[in-house]
Amino acid sequence: MTRLVNQKLSKVVYKPDSQLRNPVRLCQEMARDLLASRELAWQLMVRDISAQYRQSLLGICWAVIPPIITALGFTFANNTNIVNIGATDMPYPAYVMFSMTLWQTFVEALTSPIQAVTSAKQMLVKINFPREALILAKLGQIFFSFAIKLILIITLFLWYQIPVSWTAILAPVALIHLVILGTCFGLLLAPLGVLYNDILKGITYITGFWLFLTPVVYPLPNGGGLATLVQLNPVTPLLVTTRELTTTGVVSNPFGFWLVSLLAIIGLLLGWLVYRLAMPFVVERISS
């Protein structure tokens, strides 16, 4: 479906021709709409953040409560020998807290595109605007939430006197790649997530299982079947590299990190294309 914009009359005309027949014009339109959506994305982000914390008794504390509860639970299990976690390169409470923050950032990046489009159904039906604004607004919320959690992480590092490597200045790069990976999956699932609520519910169960295949509450296993599954997990090299750049400064799997990062960037572009092409049909479906 090709979209032609008549600038003089400010109308949008849809034609049945596939946009893929003219990839150059499609890329130009995608880039133009991405730039045009910045102001709207900022307004949506500020509105959503204000509404999220204004209507909550604990406010921004909800951003740090989940990792705190998880850290307390696994620390108790480890100290009482209910589970044998193994040795970590930093005190275990800080290890779990930091890792859970990274994991939750990935999960938020995965679910945010679906949540953004689902919550904006009425606006999508009534108003024509760059759909990229919804995704950019959610990405802004993700980094805002991470900034709040970062205060708690810094406090823990100071409390346990954990040394920080100079490579910590590179950790945001690995974190962005982790967000890109989650956003890639989210964009691919967003059109279906608007039409079927089962998608978001299913993601909740999948990520709950996925957590235990990621070295979040335990260190990287050295051998066995679990080690193979953990190494094949695309989140592992990105999450572990972010943690290693912050603490030890030694990246254990640079090849895996750059391979997954490259695939994540390609996947993001593919997900954006799918999102772009599918949304007109999705809007038509939900408006009928």
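**Notebook: core and helix packing**

I began with the largest nonpolar core of this predicted model, which holds 64 residues, and I noted that those with the most contacts inside it are Trp103, Phe106, Val117, Leu134, Val235 and Tyr275. I then looked up which helices feed this core, and found that α1 (23-36), α2 (38-54), α4 (92-119), α6 (132-159), α7 (171-195), α8 (198-211), α10 (235-246) and α11 (254-287) each supply at least two of its residues. The largest share, 15 residues, comes from α4.

Next I took Val235 and listed its neighbours, leaving aside residues up to four places away in sequence: Val235 touches Trp103, Phe106, Leu178, Leu181, Trp210 and Thr214.

I turned to the helix pairs that involve α11, starting with α7. I found that α7 and α11 pack at an angle of about 25°, with their axes 7 Å apart; angles under 35 degrees count as roughly parallel, and therefore I entered α7 and α11 as roughly parallel to each other. Their crossing is left-handed, and I sorted the residues of the contact of α7 with α11 by class into 23 nonpolar, 5 polar and 1 charged.

For α6 and α11 I noted an angle of about 135° and axes 11 Å apart, which makes α6 oblique to α11. At this contact, Glu132, Leu134 and Ile135 in α6 meet Trp272, Tyr275 and Arg276 in α11, and I recorded the division by class as 4 nonpolar, no polar and 2 charged residues. I marked Leu134 and Tyr275 in this entry, since both had already appeared among the residues with the most contacts inside the core.

Terms used:
Residues numbered from 1 in each chain as written. Predicted model: local features only at pLDDT ≥ 70, side-chain atom pairs only at ≥ 80, totals over all residues. Heavy atoms only, no water. Core = buried A, V, L, I, M, F, W, Y, C linked by side-chain atoms within 4.5 Å. Buried < 20%, exposed > 50% of the residue type's maximum accessible area, 1.4 Å probe, protein only. Helix = DSSP H or I, 4+ residues; strand = E, 2+ residues; numbered from the N terminus. Contact = heavy atoms within 4.5 Å. Axes fitted to C-alpha atoms, helices over the stretch in contact; angles between N-to-C directions. Parallel < 35°, antiparallel > 145°, perpendicular 65-115°, else oblique. Left-handed = near helix turned anticlockwise from the far one by under 90°. Nonpolar A, V, L, I, M, F, W, Y, C, P; charged D, E, K, R; others polar.
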